[in-house]
Amino acid sequence: MDLGFRGEVVDFYHRFRRGYPPTVIDSLVGAFGLTTDDVVVDLGCGTGQLTLPIAERVRSVVAVDPEPDMLLRARRAARERGVANVTWMIGADTDIPTLGALIGDRRLGVVTIGQALHWMDHEELFRAVVPLVRPGGGVAVVTNGTPLWLQNTAWSRALRGHLEDWLGSELTSTCGTDEASRRRYSDGLAAAGYDVAVTSVDYLDELSAEQIVGGVYSALPVDRLPSPEQRPRFAERLCHVLQPHRPFTEQVQVTMLIGRVHVSAAR
Ligand SMILES: C[S@@+](CC[C@H](N)C(=O)[O-])C[C@H]1O[C@@H](n2cnc3c(N)ncnc32)[C@H](O)[C@@H]1O
């Protein structure tokens, strides 16, 4: 499936998608008892939003994504940040079982999935991870706030209306951030033999109009991105629609589903 995380969309993704606050990384480190001896897999790593801050807390991260342009941008971001313990791999959730042969007797601390599980076969994936992790390790399913156009604020509703008119279709996908998805993933973890806990980090942010426009570009498939010539007009119209609803405040909720394998299941 072509998800369109290519070309210019990648730069928009890198510039405008929010990262994760340090408290989120602290929660993950605490939940799985991660140390500088641990190897972590970050699946669906994108441009490294979760990969890089976790890499600074563990021995090594294997960052996996099917989109070469995302990986290239992520690798550049790692270099810019001085992070040198990440291996960037083209791959998908379906490649996780073969990691067993690669890591041999070394077990993983955790497989993290930041804002990407909705593209994966989560039940298969959860089962595949069990034999790969050490006791106390597991899976972390992380979401990073509600899509900009689905929030319960006047500016978000105005944004949704405008985008739906422009795209000619309804915008309903929550990208796995809604309660029903979380319940489905939680049930999937429990069925695969994990102990499940949920935790969240909430904070208030204020966005600029430029951040909203960039956030929209970062979420469009590359073939729907307005051309460079069309962008000033696109941004102008969007700003006009948003203007009456300033300030653009956002209540961000980062949720973490923590699935720890039973000690008896981890080899
Ligand atoms: C919305 S981005 C999330 C990036 C980053 N993890 C974050 O938290 O912001 C989703 C990423 O998942 C990747 N992806 C899509 N399908 C995937 C799959 N089946 N297996 C692994 N990654 C996948 C996409 O290429 C994209 O880079």
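In this predicted model, the largest cavity is lined by Gln-115, Ala-116, Leu-117, His-118, Val-141, Val-142, Thr-143, Cys-175, Gly-176 and Tyr-185. Its volume is about 40 Å³. Strand 5, spanning residues 133-144, gives the largest share of this lining, with 3 residues. By class, the lining of the largest cavity comprises 6 nonpolar and 4 polar residues, and no charged ones.

A search of the whole structure returned 2 cavities of 30 Å³ or more. The second largest cavity holds about 30 Å³ of space. Val-141, Thr-143, Gly-176, Arg-182, Tyr-185, Thr-255 and Leu-257 line the second largest cavity. At least two of these lining residues come from each of strand 5, helix 8 (179-191) and strand 7 (248-261). The class split for the second largest cavity is 3 nonpolar, 3 polar and 1 charged. Val-141, Thr-143, Gly-176 and Tyr-185 appear in the linings of both cavities.

A helix pair was also examined. Helix 9 (residues 209-219) and helix 10 (residues 231-242) have axes that come within 10 Å. These axes cross at roughly 120°. The two helices, helix 9 and helix 10, are therefore oblique to each other. The crossing of helix 9 past helix 10 is right-handed. On the helix 9 side, the contact involves Ala-209, Ile-212, Val-213, Val-216 and Tyr-217. Helix 10 meets them with Arg-231, Phe-234, Ala-235, Leu-238, Cys-239 and Leu-242. In this contact of helix 9 with helix 10, 10 residues are nonpolar, none is polar and 1 is charged.

Conventions
Residues numbered from 1 in each chain as written. Predicted model: local features only at pLDDT ≥ 70, side-chain atom pairs only at ≥ 80, totals over all residues. Heavy atoms only, no water. Axes fitted to C-alpha atoms, helices over the stretch in contact; angles between N-to-C directions. Helix = DSSP H or I, 4+ residues; strand = E, 2+ residues; numbered from the N terminus. Parallel < 35°, antiparallel > 145°, perpendicular 65-115°, else oblique. Left-handed = near helix turned anticlockwise from the far one by under 90°. Contact = heavy atoms within 4.5 Å. Nonpolar A, V, L, I, M, F, W, Y, C, P; charged D, E, K, R; others polar. 1 Å grid on protein atoms, 1.4 Å probe; cavity = no way out; pocket = protein on both sides within 12 Å on 5 of 7 lines; lining within 4 Å. Points joined across faces, edges and corners; volume = space filled by probe spheres on them.
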